[in-house]
Amino acid sequence: MAVNRVPVLKRCRSLGLEPSFLGYDKKSRRQLIRSNRKVSEYGLQLREKQKAKFIYGALEKPFHNYYEKADMMKGMTGANLMTMLESRLDNVVFRLGFARTRREARQIVDHKFILVNGKRVNIPSYQVKAGDVISIDEKHKSGQRMKDVREVTAGRLVPEWLEVNPDNLEGTIKELPTRDMIDVPVDEMLIVELYSK
């Protein structure tokens, strides 16, 4: 299994991304100094793809598979791609406030803390559907880790397409998100242009 060991703040700085999109409160004091070279069209497209991959924690091959599936679906390919990435189980766990960061959400799913409609699921890329109920396993609810997570994520806003019950550590997917419900700073049209060459 591939593990991303790049320091988060360093990667955020190189992509021009706020660490808050990944759940980190820290900010880097360093400034990224680029030479005055103009970035090519391909360079811009590649940066947007790298941003999306980094935010959602997807590797190249699965990300390309998402693009191909999105291309086959009805509607705009870019919007479909963002909806598929946003409805990954690890992302939903992060959005519901059951994890401090997206990386921690992935780990929580991997470690079998999560139940989807009462069944244990340990696949971070699992695609949730409208009506699914996401909850923390009973034996992990009272653990110290979840208490710490609840303290940190208590004030976090939950997107409108999700409904959460913070006392029971349970959330429901009201509907799959549309592009305007997703607040991630990625220009998906550049990704579509990159892959459609």
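This tour moves through a predicted model stop by stop, saying what to select and what is found there.

Residues are numbered from 1 along each chain as its sequence is written, and side-chain values use heavy atoms, with hydrogens and water left out. Because the model is predicted, local features need pLDDT of at least 70 and side-chain atom pairs count only at pLDDT 80 or more, while totals for chains, interfaces and linings use all residues. Helices (H or I, at least four residues) and strands (E, at least two) are DSSP runs, numbered from the N terminus.

**Stop 1: helix 9 and its surroundings**

Select residues 188-195, which form helix 9; six of its eight residues are buried, so helix 9 is largely enclosed by the rest of the structure. Buried here means under 20% relative accessible area, exposed means over 50%, and partly exposed lies in between, with a 1.4 Å probe and protein chains only. The buried residues to colour are Glu 188, Leu 190, Ile 191, Val 192, Leu 194 and Tyr 195, and they pack against helix 2 (41-56), helix 3 (60-72) and helix 4 (77-86), where contact means heavy atoms within 4.5 Å.

Now add Glu 48, which is in helix 2 and counts as buried at 11% relative accessibility. Not counting residues up to four places away in sequence, Glu 48 touches Pro 185, Val 186, Asp 187, Leu 190 and Ile 191; Leu 190 and Ile 191 are among the buried residues of helix 9.

Helix 4 is also mostly covered, with nine of its 10 residues buried. These are Thr 77, Gly 78, Asn 80, Leu 81, Met 82, Thr 83, Met 84, Leu 85 and Glu 86, and the elements against which they pack are helix 2, helix 3, helix 5 and helix 9.

**Stop 2: helix 5 against helix 6**

Select residues 89-96 (helix 5) together with 102-110 (helix 6), whose axes come within 8 Å and cross at roughly 115 degrees. The axes are lines fitted to C-alpha atoms, for helices over the stretch in contact, and the angles run from 0 to 180 degrees between N-to-C directions. From helix 5, Leu 89, Asp 90, Asn 91, Val 93, Phe 94 and Arg 95 meet Arg 102, Ala 105, Arg 106 and Val 109 of helix 6. By class, this contact has five nonpolar, one polar and four charged residues.

Between the two helices, pick Thr 101, which lies in the loop joining helix 5 and helix 6 and is buried, with a relative accessible area of 12%. The Thr 101 side chain reaches the backbone nitrogen of Glu 104 at 3.1 Å. Leaving aside neighbours within four places in sequence, Thr 101 is in contact with Leu 22, Gly 23, Tyr 24 and Phe 94, and Phe 94 is one of the helix 5 residues that meet helix 6.

**Stop 3: the sheet**

Display the strands next: an open sheet of five strands has the order 2-1-3-5-4, with antiparallel pairing. Strand 2 (119-120) and strand 4 stand at the edges, each with a single partner strand, so one side of each is left without a neighbour in the sheet. Two strands pair if DSSP finds at least two bridges between them.

Which strands should be selected on either side of strand 3 (residues 133-136)? Strand 1 (residues 114-116) runs antiparallel to strand 3 and is joined to it by three bridges, while strand 3 and strand 5 (residues 170-173) also pair in the antiparallel sense over three bridges. Ser 135 is a useful residue to centre on: Leu 115 stands opposite Ser 135, and Glu 170 is the bridge partner of Ser 135 in strand 5. Val 116, in turn, has Ile 134 of strand 3 as bridge partner.

**Stop 4: loop residues around the sheet**

Most residues other than glycine have a negative phi. Lys 112, in the loop between helix 6 and strand 1, has a positive phi near 65 degrees and is partly exposed, with a relative accessible area of 43%. Leu 169, in the loop between strand 4 (162-165) and strand 5, likewise has a positive phi, about 50 degrees, but is buried, with a relative accessible area of 2%.

Finish at Tyr 126, found in the loop between strand 2 and strand 3 and partly exposed at a relative accessible area of 26%. Leaving aside neighbours within four places in sequence, Tyr 126 is in contact with Ser 87, Arg 88, Leu 89, Val 116, Val 121 and Asp 132.

Conventions:
Ala, Val, Leu, Ile, Met, Phe, Trp, Tyr, Cys and Pro count as nonpolar, Asp, Glu, Lys and Arg as charged, and the others, Gly among them, as polar. A polar contact is a pair of N or O atoms within 3.5 Å; within protein, one must be able to donate a hydrogen and the other to accept it, and residues adjacent in sequence count only if both atoms are side-chain atoms.
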